[in-house]
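Colleague: I'm new to this one. Can you walk me through the ligand site?
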Amino acid sequence: MTEPHLNLIAGAWVAGDHLSENRNPSDVSDVIGLYAAATAGDVDRAATAAAEAQPAWFAQGPQPRADLLDRVAARIEAAATEIGTMLAREEGKILPEAIAEVRRAAQIFRFFAGEALRVPGEALASVRPGVDVEVTREPVGVVGLITPWNFPAAIPAWKIAPALAYGNAVVLKPADLVPGTAHLLARILHEAGCPAGVFNLVMGPGSVVGRAMIDHPLITAISFTGSALTGRTIARTAVEGMKKIQLEMGGKNPMVVMDDADLDTAVAACVNGAFFSTGQRCTASSRLIVQAGIHDRFVEALSGQAAALCVGPALAADSQIGPVVSSAQLQGNLDYVALARAEGCEVLGGERLNGPTEGWFQRPALFLGAHNDMRVAREEIFGPCAAVIRVADFDEALAVANDSPFGLSAGICTGSLKHARAFRRGAKAGMVMVNLPTAGVDYHVPFGGTKASSYGPREQGRHAVEFYTTVKTAYSFAG
Ligand code: NAD
């Protein structure tokens, strides 16, 4: 095994108080590396270094920030296979998906390299003669970024890039299960010339490292992506400390399939939306709401394709679905499969599978005959499991789609312009998809949801400026 991987604090690689093993969910005998777990003291040093470095980082103007983000984008792109292989190995996403995610991270850095030069502002006439009013945007200061395990490259990228573009300094805490990808990104930022203290990496458990970030007075804003439960806990403490917060959380995303849908389009959208990336996407289609006239044909085609998906190790060339990320997550999924049966569903698939190596493999599951009031239709499972709910017509489909504590992404497959338009307008979700999977988004437009899925300003695209800057209104009287 190679050297332990350390935290990046104030421009130096530093040890924590112990090392954690990073294991491969496709093959639990494969220890990918040892990663230093930071302490609350390390978080304090990182936050202090960030607070010291941030004013100069902002004061030098946008060009050096744009240049750094451009260099980072190029280095990520050049290392896409290396980082993608790490991502596939530690998270379990199949290699083509993992490499695509890394390329997405590079695109995001390149996009925000441009945005650094386009920070918006306004100049207005005052209501008082002789007075000018200018509205400018300034960085919020030190931003704490707390990220989940399911997109270990893209989610850190879509937080780090805008934070740095708008002149903030960063303390990043990646999820405990996936420190390897974050460490490679940190190395790239460091080697690309990010000034000491402007970007800091602190790895380790949320209960220690994340908690210390939320409590730290020098961290002025927290951008979090993860479960709704953790988000609520973070929100309470962060608001007590008067921090600005942005929370991106779970989903129970509906995909409506109307009688007038093209069957092949609908089945392809649902196979992708429900099962790709092992269903471990916040935007995964976990409720398939199907009109009665197409229901049986749809279920027959979908279950056939789901059963034929090749589940296997993330790095194997023929795998279409990688492993579940951890034994705990797999057990949770299997518990939901048992619950679906207990709630009266007919379950197709869903069993644990043996692979060529010891890993957390599971066959995709369909819960047939589900009702929207069942727990399996209301709670986020975050695995390759989808509940199929039969409805009579469009009005019932829309009502069922909207009857959820979550509101991240909502989709419809239909050949009717009328239904598509009514769904786009009526869906209570932050993102709406027509004849497309609920998962899979662009990087230059806003990302986020409603209800328990999101809290605070949107991420991504130009809308990211809302969270990563604060507005200053200046009045001048020329005399
Ligand atoms: P999680 O909530 O368990 O952890 C997310 C992060 O929070 C991790 O880094 C974790 O270490 C940290 N954390 C945990 N407890 C903490 C605490 N008390 N204080 C501070 N930090 C703490 O989520 P997860 O299991 O890593 O990710 C899966 C969840 O993320 C799912 O619910 C999924 O829907 C959601 N997600 C949402 C989006 C989105 O953009 N809406 C995207 C991806 C994933």
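Colleague: Which helices and strands each supply at least two residues of the shell around the ligand?

Modeller: Helix H7 (206-215), strand S10 (221-225) and helix H8 (228-240). Helices (H or I, at least four residues) and strands (E, at least two) are DSSP runs, numbered from the N terminus. This is a predicted model, where local features need pLDDT of at least 70 and side-chain atom pairs count only at pLDDT 80 or more, while totals for chains, interfaces and linings use all residues. Residues are numbered from 1 along each chain as its sequence is written, and side-chain values use heavy atoms, without hydrogens and water.

Colleague: Which gives the most to the shell?

Modeller: H7, with 3 residues.

Colleague: How many residues surround the ligand?

Modeller: 26, the closest being Thr-147, Ser-227, Thr-230, Met-249 and Glu-380. A residue counts if one of its heavy atoms lies within 4 Å of the ligand.

Colleague: What polar contacts are there with Glu-380?

Modeller: A polar side-chain atom of Glu-380 is 2.6 Å from a ligand oxygen. For Thr-230, a side-chain N or O atom lies 2.7 Å from an oxygen of the ligand. Glu-248 has a polar side-chain atom 3.5 Å from a ligand nitrogen. A polar contact here is a pair of N or O atoms within 3.5 Å.

Colleague: Changing topic, why does the ligand lie between the domains?

Modeller: Because domain 1 (7-249 + 453-477) and domain 2 (253-434) both give residues to its shell. The bounds come from an automatic or database domain assignment.

Methods
A polar contact is a pair of N or O atoms within 3.5 Å; within protein, one must be able to donate a hydrogen and the other to accept it, and residues adjacent in sequence count only if both atoms are side-chain atoms.
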